[in-house]
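Hi everyone, thanks for making room for me today. I'd like to walk you through one model, starting from a single residue and working outwards. Here it is on the screen.

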Amino acid sequence: MSILSKTLKLRIPSNIIYRALKDTRLETLFPEFFIGVERKVITDIINKEVSFNTITQGKQIEIIETFKLKIANNNGTVVEYITETKSIEENNIVLESIVQTHIANILFSLLMLETGYINGVLEKEKSR
């Protein structure tokens, strides 16, 4: 099992990040992208921490993701993202690449959430 931890400071209130992490609309709208993937919430502390256990079909890859949200100054949030990975085949470059791409996509999504939030705030101020 490998553990990876990344920390981001985002200019978004923690409740918005929490709601975005818990949102399941993608799974509902595009189920074809989630065939063979089972995702369960294992820890759920509102606006503070949420953990998911994601397992691929055949248990080739199991990822436990924990998002710890800490309030920072000026409506900001520090997100600690901890990923624990278990797989049947240790040191498999293809599986490691899939997991690393998944982690990069999660981090990118959080940054895009911040961009959308900031743009919305700026647009709201501009229209006043």
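Let's begin with Ser14, which sits in helix α1; helices here are DSSP runs of H or I with at least four residues, strands are E runs of at least two, and both are numbered from the N terminus. Before I go on: this is a predicted model, where local features need pLDDT of at least 70 and side-chain atom pairs count only at pLDDT 80 or more, while totals for chains, interfaces and linings use all residues. Residues are numbered from 1 along each chain as its sequence is written, and side-chain values use heavy atoms, leaving out hydrogens and water.

Is Ser14 buried or exposed? With a relative accessible area of 10%, Ser14 is buried; the cut-offs are under 20% for buried, over 50% for exposed and partly exposed in between, with a 1.4 Å probe and protein chains only. Not counting residues up to four places away in sequence, Ser14 touches Asn47, Leu69, Ile71 and Thr77, a contact being heavy atoms within 4.5 Å.

Ser14 has company in α1: Ile17, Tyr18 and Leu21 are buried as well. These residues cover an arc of only 100 degrees around the axis, so they lie on the same side of α1; that arc is taken from the directions from the helix axis to the C-beta atoms. What do the buried residues of α1 pack against? Their partners are β1, β2, β3, β4, β5 and α3.

Now let me step back to the whole fold. There are 3 helices and 5 strands, and along the sequence they run β-α-α-β-β-β-β-α. The protein has 128 residues, 30% of which count as buried. Its C-alpha trace spans about 55 × 30 × 25 Å along the principal axes.

On to the largest nonpolar core, meaning buried Ala, Val, Leu, Ile, Met, Phe, Trp, Tyr and Cys residues joined through side-chain atoms within 4.5 Å. It has 20 residues, and Leu10, Ile17, Phe67, Val79 and Leu110 touch the most other members. At least two residues each come from β1, α1, β3, β4, β5 and α3, with α3 giving the most, 6 residues. If you zoom in on Leu10, its contacts beyond four places in sequence include Ile17, Val79, Leu110 and Leu111.

Let's turn to charges. Side chains of opposite charge can pair when their charged atoms come close. A salt bridge here is a side-chain nitrogen of Lys or Arg within 4 Å of a carboxyl oxygen of Asp or Glu, and the whole structure has 6 of them. One joins Lys22 and Asp44, at 2.5 Å from N to O; this pair connects helix α1 to strand β2, 22 residues apart. Lys22 is partly exposed at 28% relative accessibility, and Asp44 is partly exposed at 37%. Another pairs Glu27 with Arg39 at 3.5 Å, linking helix α2 to strand β2 across 12 residues. Asp23 and Arg25 form a salt bridge too, with their closest N and O atoms 2.5 Å apart. In that pair Asp23 is partly exposed at 30%, whereas Arg25 counts as exposed at 56%.

One last stop: Phe30, in the loop between α2 and β2. Phe30 is partly exposed, with a relative accessible area of 36%. Thanks for listening, and I'm happy to take questions.
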